[in-house]
Amino acid sequence: MAVRQRAVTTLPNLIRNLRNEQPFKLKPPHNPLPSLRRAFSLYDQINLIDNVPEDQLRFQGFNDTGFTVNGVEYEGSLLCVGNLIMSWKPQKFSEITADSLSLFQIVRPIPEILIVGCGRNIQHVDPELRRFIRSTGMKLEAVDSRNAASTYNILNEEGRIVAAALLPYGVSS
C-alpha cells in the first residue's frame, strides 16, 4: 500500500518534470520537408505554422529509410490516422493491398482522405485497391512520400480527419 501511495504522489511530479525538460537532440534528417513559411508573405506578423498542438503529428523530415515525426526518427513504413502513428508492414508498393489497409474498415471516425506515399515515385494504384478504399468512405491520393508527408501536415493542421500510408522515400517501385 505504501508503494502505491508513493507512486501516486510521485507520478504528477515526474510528468511535470518531463514536460519541462528539454528534449534530447536528434541528428537532423537528411532531407527536411519544404518549409511552408515561404508561401506566406505575412509570416513574420502571423505565425500559424509553428502553433501546432503538442499532441498533433507533424512530419519534419525524411530520408531513404524513414521519417522524422515530432522529433522522433521512425524507420520503415508508417501508417498514420489522425494523430496516431504506427509501424506498417509493406516495404514496397506492390505489398500495399486491401488486407494491409484493413484497419480502415473499423476506424471511426472515417478519415475523409487517405494519402498514400508511394516512395520516390508516384505509382498507379490497382483498381481493386481503389474500390476497397472507396468502399470505406475515403478518397484516395497517391503521391511520392515527400509530398504525402507535406500534404498530411497541411490537412492535419487544418483539423481535417486524414490518414496517411507512407513507404520510405528510398523505395523506388
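**A walk through the strands and cores**

In the hairpin that E3 (residues 66-69) and strand E4 (residues 72-75) make, 2 residues lie between the strands, and one residue to look at there is Asn70, with a positive phi near 50°. Please keep in mind as you rotate the view that this is a predicted model.

Let's stay with this hairpin for a moment. The pairing of E3 with E4 is antiparallel and is built from 4 bridges. If you want a landmark, find Val69, which faces Val72 across in E4.

Val69 is also a handy starting point for the other neighbour of E3. Strand E2 (residues 59-62) runs antiparallel to E3, joined by 3 bridges, and within that pairing Phe59 has Val69 as its bridge partner. E2 and E3 make a hairpin too, with 3 residues between them.

Are the two faces of E3 covered or open? Both are covered: Gly66 and Thr68 are buried on one side, while Phe67 and Val69 are buried on the other.

Now let's move on to the open sheet, which has 5 strands in the order E6-E5-E9-E7-E8 and mixed pairing. Its edges are strand E6 (84-87) and E8, each of which pairs on one side only. From one strand to the next, the twist averages 15°. At the E6 end, E5 and E6 pair in the antiparallel sense through 4 bridges. Here you can find Val81 opposite Leu84 in E6.

Next comes the packing of nonpolar side chains. The largest nonpolar core has 22 residues, and those touching the most other members are Ile96, Leu101, Phe104, Leu114, Val116 and Ile133. Several elements each give at least two residues to this core: strand E5 (78-81), strand E7 (113-117), helix H2 (127-135), strand E8 (139-143) and strand E9 (162-166). Which element supplies the largest share of this core? H2 does, with 3 residues.

Ile133 is a good residue to click on. Setting aside its neighbours within four places in sequence, Ile133 contacts Leu101, Leu114, Met138, Lys139 and Leu140. Two of these names, Leu101 and Leu114, also appear among the core residues that touch the most other members.

Apart from this core there is another one, made of 18 residues, including Leu57, Ala149, Tyr152 and Ala164. To finish, you might colour this second core of 18 residues and the largest core of 22 residues separately in your viewer.

Notes
Residues are numbered from 1 along each chain as its sequence is written. This is a predicted model: local features need pLDDT of at least 70, side-chain atom pairs count only at pLDDT 80 or more; totals for chains, interfaces and linings use all residues. Side-chain values use heavy atoms; hydrogens and water are left out. Buried means under 20% relative accessible area, exposed over 50%, partly exposed in between (1.4 Å probe, protein chains only). Two strands pair if DSSP finds at least two bridges between them. A nonpolar core is a set of buried Ala, Val, Leu, Ile, Met, Phe, Trp, Tyr and Cys residues joined through side-chain atoms within 4.5 Å. Contact means heavy atoms within 4.5 Å. Axes are lines fitted to C-alpha atoms, for helices over the stretch in contact, and angles run from 0 to 180 degrees between N-to-C directions.
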